[in-house]
Amino acid sequence: VRLARFNPPSILRIIEKLSFKDTASSLHKGSPREQQIRLNLLNMAMLEITNIGKYLLSLAEDKNLVPNLISLIEQGSEILKGKALIFAALLCKNGKRWLPQFFCNARLLSNVDRLLKEKDSYLKLCLDAFAHTVASVVPGLLETITGEIQQSSGGRRRMQFAGLASRNSAKSNINLFPVILNLLGSCLFKHRVVDSGVLQQFANLLRLAESPFQVDIT
């Protein structure tokens with residue numbers, strides 16, 4: 001970790017030697033000090049490696065990664081909580097597939113809302129960075145969802161919005177809409193997510209969703 005901190009480009013060789021997947025999969029193992037070291041390596045890798053996407057693919061089948069991170073956020077020391085929050089935020093920033101795993105999880109949302117009461121300065125900084133990073137994803141996500149609905153509706157053709165939203169398509173972002181709703185219901189996120197631009201996006205989205213059900217009386 002010290003080597004990578006003083007020579008950031010070296011993190012690529014370090015991660016390839018230690019294995020990004022193995023480091024992430026073993027977050028729950030060892031002492032708190034060892035867990036902190038693993039989180040440091042993972043966070044530095046996420047920030048320094050330009051093609052991090054190929055490493056994230058190796059984590060897709062790890063069903064324990066998200067529960068392990070949530071456990072650290074829930075039960076770890078202030079330092080571990082902070083570093084786990086940063087890693088979760090960077091996962092979501094670099095891959096939309098992680099958003100529902102974290103933000104359709106009531107356990108995580110209730111925990112991060114409780115962290116608002118924490119007074120530790122380091123944890124407060126990490127929590128703020130976590131919220132800012134995740135909230136920054138929302139405008140782009142709403143834009144993509146709106147574009148997909150416009151494309152699917154085919155202009156004036158009728159569209160069954162509820163059926164469309166329930167499709168389990170790997171290429172569709174519409175099924176991520178519950179993530180946005182859950183963020184709006186969170187004490188930590190709601191004031192960071194909502195601004196005039198997002199409100200306008202919601203208005204456009206509602207108009208698109210309502211248009212197939214409007215009756216033409218002319």
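Which residues does Ser 186 touch, not counting residues up to four places away in sequence? I'll come to that in point 1; a few notes on this predicted model follow.

1. Ser 186. The answer is Leu 109 and Asp 113, leaving out residues up to four places away in sequence. Ser 186 sits in the loop between α13 (177-184) and α14 (190-193). Loop or not, Ser 186 counts as buried, because its relative accessibility is 2% and the cut-off for buried is under 20%.

2. Overall make-up. The protein chain has 15 helices and 0 strands. Of its 218 residues, 44% count as buried. If you take the contacts between residues at least 6 apart in sequence, 72% of them join residues at least 24 apart.

3. Helix α4. I checked the length of this one. It covers residues 32-48, 17 residues in all, so at 1.5 Å a residue it should span 24 Å, and its end C-alpha atoms are indeed 24 Å apart. The buried residues of α4 are Gln 35, Gln 36, Arg 38, Leu 39, Asn 40, Leu 41, Leu 42, Asn 43, Met 44, Ala 45 and Met 46. Have a look at the names in that list: Arg 38, Asn 40 and Asn 43 are on it, along with Gln 35 and Gln 36.

4. What covers α4. The cover over the buried residues of α4 includes α1 (2-6), α2 (11-18) and α3 (20-25) from before it in the chain, and α5 (53-57), α6 (65-75) and α7 (78-94) from after it.

5. Ile 11, as a view of α2 against α4. Ile 11 is found in helix α2, and α2 is among the helices that cover the buried residues of α4. Setting aside residues up to four places away in sequence, Ile 11 touches Ala 4, Leu 41, Met 44, Ala 45, Glu 48 and Ile 49. Of these, Leu 41, Met 44 and Ala 45 are also in the list of buried α4 residues. Ile 11 counts as buried too, because its relative accessibility is 2%. The C-alpha atoms of Ile 11 and Met 46 are separated by 9.7 Å, with their positions 35 residues apart along the chain.

6. The α6/α7 pair. These two pack at an angle of about 145°, and their axes are 7 Å apart. The crossing of α6 past α7 is left-handed. On the α6 side the contact is made by Leu 65, Leu 69, Leu 72, Ile 73, Glu 74 and Gln 75, and on the α7 side by Leu 80, Lys 81, Ala 84, Leu 85, Phe 87 and Leu 91. By type, the contact residues divide into 9 nonpolar, 1 polar and 2 charged.

7. Val 198. This residue lies in helix α15 (residues 196-210). Val 198 is buried, because its relative accessible area is 1%. Neighbours within four places in sequence aside, Val 198 is in contact with Pro 139, Leu 142 and Val 193. Pro 139 is 59 residues away from Val 198 in sequence, yet the two are 6.2 Å apart in space, C-alpha to C-alpha.

8. Cysteines. How many disulfides does the structure hold? The count is 0. Cys 104 is partly exposed, with a relative accessible area of 43%. Cys 187 is likewise partly exposed, at 44%. Cys 187 directly follows the buried Ser 186 of point 1 in the numbering.

How values were computed:
Residues are numbered from 1 along each chain as its sequence is written. This is a predicted model: local features need pLDDT of at least 70, side-chain atom pairs count only at pLDDT 80 or more; totals for chains, interfaces and linings use all residues. Side-chain values use heavy atoms; hydrogens and water are left out. Helices (H or I, at least four residues) and strands (E, at least two) are DSSP runs, numbered from the N terminus. The expected span of a helix is 1.5 Å times one less than its number of residues. Buried means under 20% relative accessible area, exposed over 50%, partly exposed in between (1.4 Å probe, protein chains only). Contact means heavy atoms within 4.5 Å. A disulfide is a pair of cysteine sulfur atoms within 2.5 Å. Axes are lines fitted to C-alpha atoms, for helices over the stretch in contact, and angles run from 0 to 180 degrees between N-to-C directions. A crossing is left-handed if the near helix is turned anticlockwise from the far one by less than a right angle, and right-handed if clockwise. Ala, Val, Leu, Ile, Met, Phe, Trp, Tyr, Cys and Pro count as nonpolar, Asp, Glu, Lys and Arg as charged, and the others, Gly among them, as polar.
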